Amino acid sequence: MEIISKVANLKQRLKSAAKQNKIGFVPTMGFLHQGHASLIHEAQSNNSLVVLSIFVNPTQFNQSSDYQSYPKKIEKDFIVAKSLGVDYVFIPDETEIYPNGNNIIIHETQQTQMMEGRFRPNHFDGVLTVLLKLFNIIKPNYVYMGEKDYQQLEVVRTMVSEFFLDIEVIQCPTVRCDRGVALSSRNSRLTPNQYNLAIEFASSLKKAKTNQEIHQKLGDLGLKVDYIEQHGSRRYGAVWLDQVRLIDNVLLE
Ligand code: AMP
């Protein structure tokens with residue numbers, strides 16, 4: 001496994017490799033868990049070369065406190081990535097990705113008007129901008145993204161299509177703990193008591209009959225609810241447990 005921090009170096013390595021390999025790309029913000037591992041496994045099953053990026057992208061955080069407190073454990077991530085058989089780990093710093101500041105952004109105007117886009121202004125601008133940059137650096141054949149961030153998955157698919165990118169976005173199922181909570185790097189910041197509330201959040205998204213019922217129940221338990229919404233056969237939710245914000249979505253039967 002090679003760890004690369006410079007855009008030019010990674011481009012150079014991948015240029016010759018791309019001739020003989022299919023490149024699968026897994027973009028992450030690190031603090032790797034089994035959800036990320038499932039994306040890496042999926043990438044390995046379809047590609048001869050897998051690139052993992054670890055970059056806590058400042059432009060997608062609408063609150064600097066959230067950015068500052070985002071969990072990081074880079075040395076452990078390297079060990080995990082190596083044990084999973086990742087070929088390249090790309091760990092750029094901010095100046096490498098935004099050498100001239102954030103002067104050009106990708107802005108989507110329809111799908112981002114609701115849910116995450118509504119509660120996290122400019123969040124998707126940051127996500128799309130960094131992903132377009134990473135796609136142009138890595139030029140993957142396939143990119144692997146989790147259903148855990150379903151709205152993100154759909155917005156990225158739209159960008160790939162609208163900008164005629166030769167990339168296929170592969171959707172990977174949400175990995176959950178035994179008690180139903182979707183794995184997330186942010187879960188590491190939950191107290192045991194808050195983790196129990198996260199279990200309630202996940203189970204009520206799946207089991208409750210109406211969105212209103214979930215709002216009421218989670219509100220009664222002391223959670224701040226940003227939204228509970230259903231679109232098609234999927235129910236989406238975002239809640240705050242003190243300073244930690246969790247999102248999840250489930251397919252309803
Ligand atoms: P993150 O590091 O949180 O930005 O996530 C990087 C990628 O991993 C995104 O495509 C996420 O949707 C995906 N991901 C995060 N958590 C999970 C999970 N529990 N199951 C499956 N994919 C996940």
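In this predicted model, helix 1 (residues 7-20) lies across strand 1, strand 2, strand 3 and strand 4 (88-90), and runs at about 150° to strand 4. Helix 4 (residues 74-84) also packs here, lying across strand 1, strand 3 and strand 4, at about 170° to strand 3.

The sheet under these helices is an open one of 6 strands, ordered 1-4-3-2-5-6, with parallel pairing. Its edges are strand 1 (2-4) and strand 6 (168-172), each of which pairs on one side only. Going from one strand to the next, the twist averages 25°. Strand 2 (residues 23-28) and strand 3 (residues 49-54) are held in register by 6 bridges in the parallel sense, and Thr28 stands opposite Ile54 in strand 3.

Then there is the other sheet, also open, with 3 strands in the order 7-8-9 and antiparallel pairing. Here strand 7 (224-231) and strand 9 (244-251) sit at the edges, pairing on one side only. Neighbouring strands are turned by 10° against each other on average, if direction is ignored. Strand 7 is joined to strand 8 (residues 234-241) by 7 bridges, with the two running antiparallel; Val225, for one, stands opposite Val239 in strand 8. Helix 9 (residues 192-207) lies across strand 7, strand 8 and strand 9, at about 160° to strand 8.

Now for the empty space. Searching the whole structure turns up 2 cavities of 30 Å³ or more. The largest has a volume of about 840 Å³ and a lining of 45 residues, with Met29, His36, Lys148, Asp149 and Gln152 nearest its centre. Elements giving two or more residues to that lining are strand 2, helix 2 (34-46), helix 7 (123-138), strand 5 (142-146), helix 8 (150-162), strand 8 and strand 9. Helix 7 provides the largest share, at 6 residues. By residue class, the lining splits into 20 nonpolar, 17 polar and 8 charged.

The second largest cavity holds about 60 Å³ of space. Lining it are Lys148, Val181, Ala182, Ser184, Asn187, Ala198, Phe201, Ala202, Leu246, Ile247 and Asp248. Helix 9 and strand 9 each put in at least two of these residues, and the breakdown is 7 nonpolar, 2 polar and 2 charged. Lys148 turns up in both places: it is among the residues nearest the centre of the largest cavity, and it also belongs to the lining of the second largest. Strand 9 likewise contributes to the lining of the largest cavity and to that of the second largest.

Conventions: Residues numbered from 1 in each chain as written. Predicted model: local features only at pLDDT ≥ 70, side-chain atom pairs only at ≥ 80, totals over all residues. Heavy atoms only, no water. Pairing = 2+ DSSP bridges. Helix = DSSP H or I, 4+ residues; strand = E, 2+ residues; numbered from the N terminus. Axes fitted to C-alpha atoms, helices over the stretch in contact; angles between N-to-C directions. Contact = heavy atoms within 4.5 Å. 1 Å grid on protein atoms, 1.4 Å probe; cavity = no way out; pocket = protein on both sides within 12 Å on 5 of 7 lines; lining within 4 Å. Points joined across faces, edges and corners; volume = space filled by probe spheres on them. Nonpolar A, V, L, I, M, F, W, Y, C, P; charged D, E, K, R; others polar.
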